[in-house]
Amino acid sequence: MKKIIFLFLLSMSFTASAQIKLVTLEYPPYITRDGNVVDGVAVELVERVFKEMDKPISIQVLPWGRAINYVETGEADGIFTAFKTDERETFARYIDEVLFDQNIVAIGNKAANVTWDKNTINQFQICLINNVSYGKWLDDMVAQNRFKGVRRVSSPEQCVQLLQANRVDFWVNNEFGARYVAVQMGVQSDIAIQTPPIESTPSYIAFSKKGQMSEQDVKQVNDTVASMKASGEYDRLIEEYFEQLASALNQ
């Protein structure tokens, strides 16, 4: 019996040490948290990647500064979704494949049938959230008073309401964040996300150089993401996430 108990404890210890510890920030719809349940489109993608690799993971939601520190010290094995910087590359290995492009987009009212054009922004009234940066180009245009008007509000839901009332021509937001809010408000069929994005910044999954993930492991993560993109599984997972979100809210 003692031998069985010892083997069981040894097995538990091995499993705990083999588990890849990932950290992230609550950032709907990429990462959401409801009590102890962590979900979101980025969470589902990362879980699928490691399932394909047959590697167990844990995901902890932390303030972003602490999450970065955990990766730097090796207390966490990896982090997502992270922008690539020279400083972070000193202590983290990034996969080559982009996990998500963080697209800043203009969202219009389908009924208004107005098309976004950077050359005619002097004709547009836009809605923005207070104290949020929308990338260098748009921030500069706002600072230079290049738009016909700018309405600043405290929540994206207010921008949707202004858009529906035709009090603004466009709501500017992160693309997935806009889709998430639209689904929650049940207006996804009423809005039109304009293309191409106003600005796009790639975000990645990165791994601590002091953690369990070797260079070969990081390459395997990269190759798995690349394979999922090539097969169409990457795009299907994203679309299924928003479809399931809409379905759950409609029940």
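Which residue of β10 stands opposite Cys127? Trp171 does, and the legends below walk through that neighbourhood and a few charged pairs. This is a predicted model, where local features need pLDDT of at least 70, side-chain atom pairs count only at pLDDT 80 or more, and totals for chains, interfaces and linings use all residues. Residues are numbered from 1 along each chain as its sequence is written, and side-chain values use heavy atoms, with hydrogens and water left out.

**View 1. Cys127 and Cys159 form the one disulfide of the structure.** A disulfide here is a pair of cysteine sulfur atoms within 2.5 Å, and this pair sits at 2.1 Å, S to S. The torsion about the S-S bond is about -80°, so the disulfide is left-handed. Cys127 belongs to strand β8 (residues 125-129) and Cys159 to helix α6 (residues 156-164), so to speak two distant parts of the chain, 32 residues apart, linked by the pair. Helices (H or I, at least four residues) and strands (E, at least two) are DSSP runs, numbered from the N terminus. Buried or exposed? Cys127 is buried at 0% relative accessible area, and Cys159 is buried at 0% too. For the cut-offs, buried means under 20% relative accessible area, exposed means over 50%, and partly exposed is in between (1.4 Å probe, protein chains only).**View 2. Strand β8 pairs with β9 and with β10.** Two strands count as paired if DSSP finds at least two bridges between them. Strand β9 (residues 149-153) runs parallel to β8, and five bridges join them. Look for Gln125, which stands opposite Gly149 in β9. Strand β10 (residues 170-174) is parallel to β8 as well, with two bridges between them. Cys127, the disulfide cysteine of β8, has Trp171 of β10 opposite. Four of the five residues of β8 are buried, which leaves the strand mostly covered.

**View 3. Strand β8, helix α5 and strand β9 make a right-handed β-α-β unit.** Helix α5 spans residues 136-143. A crossover is right-handed if, with the strands pointing away from the viewer, the path from the first strand over the helix to the second runs clockwise.

**View 4. Lys55 and Asp217 form a salt bridge.** The term means a side-chain nitrogen of Lys or Arg within 4 Å of a carboxyl oxygen of Asp or Glu, and the count comes to eight by this rule. The closest N and O atoms of Lys55 and Asp217 are 3.7 Å apart. Lys55 lies in the loop between α2 (41-52) and β4 (57-61), while Asp217 lies in helix α8 (residues 215-231), so the pair ties together parts that are 162 residues apart in sequence. Lys55 is partly exposed at 25% relative accessibility, whereas Asp217 is buried at 16%.

**View 5. Lys219 and Asp223 form a salt bridge within helix α8.** Their closest N and O atoms are 2.7 Å apart. The two residues are four apart in the helix, about one turn. Both ends are partly exposed: Lys219 has a relative accessibility of 44%, and Asp223 has 34%.

**View 6. Arg33 and Glu26 meet through their side chains in a salt bridge.** The N to O distance is 3.7 Å. Arg33 is partly exposed, with a relative accessible area of 41%, and Glu26 is partly exposed at 36%.
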